[in-house]
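Biologist: Could you walk me through this model and tell me what lies behind the words you use for it?

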Amino acid sequence: MHGLFVTGTDTGCGKTEISLGLMAAVQTTGAKVLGMKPVASGCVRGPDGLRNDDAVRLRAQGSSEAPYGLVNPYAFAPPIAPHIAAGEAGIEIRLPTIEQAYRALAGEADQVIVEGVGGWRVPLGPNLFVSDIPGALGLPVILVVGMKLGCINHALLTVESIQNTGGVLLGWVANQVDPTMLSRDANLATLAALIDAPCLGVLPWLEAPTPSELAGYLHPELTDLQPRHAAKLATIQTRTETRSETRTGKRRA
Ligand SMILES: Nc1ncnc2c1ncn2[C@@H]1O[C@H](COP(=O)(O)OP(=O)(O)OP(=O)(O)O)[C@@H](O)[C@H]1O
Ligand SMILES: [Mg+2]
């Protein structure tokens, strides 16, 4: 196990900021960390090819200089849904390519923080969703809840979907993207009561968030969850295997 997959309730909920904060938090322990944004739309063409701002920031926060193509193997210019951007570019987004890039990064670091694109059920192609990535990489998931009106519904639907699609939800982080949000604490209490996973950080709206400032609001356990990840994943994997054996057995019978 070499990291975490960061998903969110929506685009713009704070996944990049929280990923950078997580990287900074891990770096305070002396561990080497790299960031990854496997799929990005909204890229700008420069002398070295397409570049995405999230991927550039995650790469810059890394403990060593990783090749851009490993940090962001799929980069598309238009700021549109990734499966549409990929279709327009005539490119098929493939899990093995993402896995290969991830393994190369994981070989150079103690942890890789992988930022998703948009929310959990964003399509990446006809038969591929963002929700397929963490399972393929063997990574547990952190859900960033962008605190604003409507976030409870988005958060609960996302949690349900993570559970139904076999994701391992380590916990959630509340991130105040709307500085004027009313009744924030009551919303937080509702989320805490209804989400069956720990709250691992409550981030206020910050004037100019920096990774190390963000890290200060994250639960210290987030930098040291490896044994617990492994135990939890092992249980889930065993359950999945048992389920698929049962299904296969039924089909054979
Ligand atoms: N706690 C915060 N305080 C102030 N600004 C924030 C906070 N969290 C996020 N922002 C700002 O909100 C915007 C969206 O955040 P961010 O880019 O991290 O979202 P995202 O989920 O990664 O979006 P995308 O789906 O585009 O990847 C950015 O301008 C970011 O700086
Ligand atoms: Mg982002």
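Modeller: Gladly! In β7, the bridge partner of Val-33 is Gln-111. Please keep in mind that this is a predicted model.

Biologist: What makes β2 and β7 a pair?

Modeller: Two strands pair if there are at least two bridges between them. Strand β2 (residues 33-36) is joined to β7 by four bridges, and the two run parallel, so by that cut-off they count as paired.

Biologist: And how do you know that β1 pairs with β7?

Modeller: By the same kind of count: four bridges link strand β1 (residues 3-8) to β7, in the parallel sense. Within β7, Val-112 stands opposite Gly-3, and Val-114 stands opposite Phe-5.

Biologist: Where do these strands sit in the sheet?

Modeller: The open sheet has six strands in the order β2-β7-β1-β10-β11-β12, with parallel pairing. β2 and β12 (199-203) are at the edges; each has a single partner strand, so one side of each lacks a neighbour in the sheet. On average, neighbouring strands of this sheet are turned by 20° against each other, direction ignored.

Biologist: What packs on the sheet?

Modeller: Helix α1 does, touching β1, β2, β7, β10 (141-146) and β11 (169-175). The direction of α1 makes about 175° with that of β7. Helix α5 (residues 95-106) lies across β2 and β7 and runs at about 145° to β7.

Biologist: Why is β7 called largely enclosed?

Modeller: A residue is buried if 20 or more other C-beta atoms lie within 10 Å of its own. Five of the five residues of β7 (residues 111-115) are buried, so the rest of the structure largely encloses this strand. Gln-111, Ile-113 and Glu-115 point one way, Val-112 and Val-114 the other way, and all are buried. In a regular strand, side chains alternate between the two faces of the sheet. For the protein chain, buried residues make up 43% of the 253 residues.

Biologist: Which residues come nearest to ligand 1?

Modeller: Of the 17 residues around ligand 1, those are Thr-11, Gly-14, Lys-15, Thr-16 and Glu-17. Helix α1 (residues 15-28) gives the largest share of the shell, three residues.

Biologist: How does that shell divide into nonpolar, polar and charged residues?

Modeller: The shell around ligand 1 has six nonpolar, eight polar and three charged residues. Gly counts as polar here, so Gly-14, one of the nearest residues, falls in the polar group.

Notes. Residues are numbered from 1 along each chain as its sequence is written. Chains are lettered from A and ligands numbered from 1 in the order in which they are written. This is a predicted model: local features need pLDDT of at least 70, side-chain atom pairs count only at pLDDT 80 or more; totals for chains, interfaces and linings use all residues. A residue is buried if 20 or more other C-beta atoms lie within 10 Å of its own, exposed if 12 or fewer, and partly exposed in between; C-beta atoms are placed from the backbone. A residue is near a molecule or strand if its C-beta atom, placed from the backbone, lies within 6 Å of it. Axes are lines fitted to C-alpha atoms, for helices over the stretch in contact, and angles run from 0 to 180 degrees between N-to-C directions. Two residues are in contact if their C-beta atoms, placed from the backbone, lie within 7 Å.
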